[in-house]
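The following exercises are to be worked through with the sequence and the model in view. Please attempt each task before reading its solution.

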Amino acid sequence: MPDELDVLERHPKTAKPGEVMRPHNLMCFGCGAESPHGLQLEMYAGEGFTVEAKMPVEQWMEGGPGVIHGGILSSALDDVMGMTPRLLGPPGVTVHLQVDFLQPIPVGKTLHLRAEILGRQRRKIYTEGVAHLGDPERPVARANGVFVTVDVREHFAEHVENSAKAAEYMGGKPQL
Ligand SMILES: CCCCCCCC(=O)SCCNC(=O)CCNC(=O)[C@H](O)C(C)(C)COP(=O)(O)OP(=O)(O)OC[C@H]1O[C@@H](n2cnc3c(N)ncnc32)[C@H](O)[C@@H]1OP(=O)(O)O
């Protein structure tokens, strides 16, 4: 993370602590409520510059026998960290993601996910994510992500026609 950082300010219209945050997109693999094969994470704004979510670890998420697949865990952490730019204003897309897998995560448990903004420099937002199984003192995974804010209309203009929601989104502004 660079030394010279911008001052962080919560956007006046962002969700208040404890409130549910709007999904990135209804079809988003991480947080889209209509994504048929997605994680359907419900995200809550936390205090300061934090976002939280819980995810039941289901059998379809299995990697090694009886434990979560690392890619599913990475997706969940990516998406929770990826919600934090919204606390400041425009959404950001992932440009860098790093995950440390600390403990196997058993099927049947509930994963608690928490992301926090560490700093911002221009369009770059530096974040960290932590996952635990109920005891925040015993993390099972840690992550860092860098997100770059985008103008969503411009950024997705060439691709929106591929969305399952193309008809809706092309008629107006994607719900992002
Ligand atoms: C609506 C939100 C949905 C969010 C869904 C959840 C998260 C996701 O899964 S997003 C999907 C995966 N990510 C992507 O598809 C992003 C692909 N990348 C891109 O499209 C482009 O790199 C993009 C648009 C982010 C940046 O490109 P561009 O607008 O030309 O800006 P660019 O000047 O290259 O970079 C902006 C800044 O970010 C920095 N940067 C770019 N890439 C990286 C990187 N990998 N690591 C660190 N910094 C980076 C640049 O150095 C620059 O910094 P500075 O302000 O110091 O000059």
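Three exercises follow, each with a worked solution.

The model is predicted: local features need pLDDT of at least 70, side-chain atom pairs count only at pLDDT 80 or more, and totals for chains, interfaces and linings use all residues. Residues are numbered from 1 along each chain as its sequence is written, and side-chain values use heavy atoms, without hydrogens and water.

**Exercise 1.** Determine whether the span of helix H1 (residues 70-81) agrees or disagrees with the expected one.

*Solution.* Helices are DSSP runs of H or I with at least four residues, and strands are runs of E with at least two, numbered from the N terminus. The expected span is 1.5 Å times one less than the number of residues. For the twelve residues of H1 this gives 16 Å; the end C-alpha atoms are 16 Å apart, so the two agree.

**Exercise 2.** Identify the residues of H1 that are buried, and state what covers them.

*Solution.* Buried means under 20% relative accessible area (1.4 Å probe, protein chains only). Ile72, Leu73, Ser74, Ala76, Leu77, Asp79, Val80 and Met81 meet this criterion. With contact defined as heavy atoms within 4.5 Å, the covering elements include strand S2 (50-56), helix H2 (85-88) and strand S4 (110-121).

**Exercise 3.** Find the polar contacts of Arg122 and Lys124 with the ligand.

*Solution.* A polar contact to the ligand is a pair of N or O atoms within 3.5 Å. From a ligand oxygen atom, a side-chain N or O atom of Arg122 is 2.8 Å away. For Lys124, the corresponding distance is 2.7 Å. A polar side-chain atom of Asp78 also lies 3.4 Å from a ligand oxygen.

Technical notes. Buried means under 20% relative accessible area, exposed over 50%, partly exposed in between (1.4 Å probe, protein chains only). A polar contact is a pair of N or O atoms within 3.5 Å; within protein, one must be able to donate a hydrogen and the other to accept it, and residues adjacent in sequence count only if both atoms are side-chain atoms.
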